[in-house]
Amino acid sequence: MFVPGDRPERFTKAAGCGADQIILDLEDAVAPALKALARRHVRDWLAGGGAGIVRVNGFDTRWCTDDLAMVAEYGCPVMLPKADAETLRSLALDVPVIALIETARGVLGAAGVCRVPGVVRVAFGSIDLSAEIGTPPDDYVALNTARSALVLASAAAGLPAPIDGVTVDVRDTAAVRKDAVAAARLGFGGKLCVHPNQVSVVNEGFSPSDAQVAHARAVVAAAGAGGAGLLDGKMVDRPVLEHARRLLSRAERVASE
């Protein structure tokens, strides 16, 4: 979940809201006049033992160098906005990088981004991309091609499933749930949030349902020791079995959290 870097009073609350990670945002959520102050607040949080991913300002801004120096000092993961492979290679960052792909160039070069050393995952910046190509930011279907490009690039590079972009309406939990379920179906592994009331809804959307778990268990049972079989008249072979096992593994992780 994103938390503005210039609002340190929100850091602790954000860290306890149930999100897998908080993203201490130095970029879009912070006005230019407050960039240095926000960086100091984030540094204080990290120096005091707080954890989080830091979204730095873009590499083409005057704040990026100082942001990256602070991140390197504490060794925390960094989220780099408007990421592309050429820039990532030139920066040669020594910390785990989440590449935020939010431009047409980034989407078309997603395979290269995913193969840059140090990139551990990619995330989708749907709002910036929609502004660039002229689609409404809440039109999920219009950006499905771009989303699938990130899913395929991540899988091909052996990275974890990408993180989907935000839902801009913080009060419409039905819209958040719909977007989360759609992202999970496309192959995303998580979703960016901008408000604590989105977190539980997103977690639910990415958690396997009881029916899915029951079906996965039936698939495993039908495969048997030979790794193939029939279930309700449908073939169960290795790919189907592996999908079922991944789903059960995800369900176990959710249950243990």
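Buried here means under 20% relative accessible area. With that cut-off in hand, let's look around this predicted model.

**View 1. Strand 5 is covered on both of its faces.** In a regular strand the side chains alternate between the two faces of the sheet. Look first at Val97, Ala99 and Ile101, which are buried on one side of strand 5. Ile98 and Leu100 belong to the other side, and they are buried too. Five of the five residues in this strand (residues 97–101) are buried, so strand 5 is largely enclosed by the rest of the structure.

**View 2. Strand 5 pairs with strand 4 and with strand 6.** Strand 4 (residues 78–80) runs parallel to strand 5 and is joined to it by three bridges. Here you can pick out Leu80, whose bridge partner in strand 5 is Ala99. Between these two strands the chain passes through helix 4 (residues 85–91), making a right-handed β-α-β crossover. Strand 6 (residues 119–124) is also parallel to strand 5, with five bridges between them. For Ile98, the bridge partner in strand 6 is Arg121.

**View 3. Two loop residues, Lys82 and Ala92, have positive phi values.** Most residues other than glycine have a negative phi, which makes this pair worth a closer look. Lys82 sits in the loop between strand 4 and helix 4, and its phi is about 50°. With a relative accessible area of 32%, Lys82 is partly exposed. Ala92 is found in the loop between helix 4 and strand 5, with phi near 45°. Its relative accessible area is 57%, so Ala92 counts as exposed.

**View 4. Ser154 is a buried residue of helix 8.** Helix 8 covers residues 144–157. Is Ser154 buried or exposed? Its relative accessibility is 1%, so Ser154 counts as buried. Leaving aside residues up to four places away in sequence, Ser154 touches Cys114, Val122, Leu159, Pro160 and Pro162.

**View 5. Helix 9 packs against helix 10.** Two packed helices are described by the angle between their axes and the distance between the axes. For helix 9 (residues 173–186) and helix 10 (residues 196–206), the angle is about 35° and the axes are 8 Å apart. The crossing of this pair is right-handed. From helix 9, the contact involves Thr173, Val176, Arg177, Ala180, Val181, Ala183 and Ala184. They meet Asn197, Gln198, Val201, Val202, Glu204, Gly205 and Phe206 of helix 10. Sorted by type, the residues in this contact are eight nonpolar, four polar and two charged.

Definitions and conventions: Residues numbered from 1 in each chain as written. Predicted model: local features only at pLDDT ≥ 70, side-chain atom pairs only at ≥ 80, totals over all residues. Heavy atoms only, no water. Axes fitted to C-alpha atoms, helices over the stretch in contact; angles between N-to-C directions. Helix = DSSP H or I, 4+ residues; strand = E, 2+ residues; numbered from the N terminus. Left-handed = near helix turned anticlockwise from the far one by under 90°. Contact = heavy atoms within 4.5 Å. Nonpolar A, V, L, I, M, F, W, Y, C, P; charged D, E, K, R; others polar. Buried < 20%, exposed > 50% of the residue type's maximum accessible area, 1.4 Å probe, protein only. Pairing = 2+ DSSP bridges. Right-handed = clockwise from strand over helix to strand, strands pointing away.
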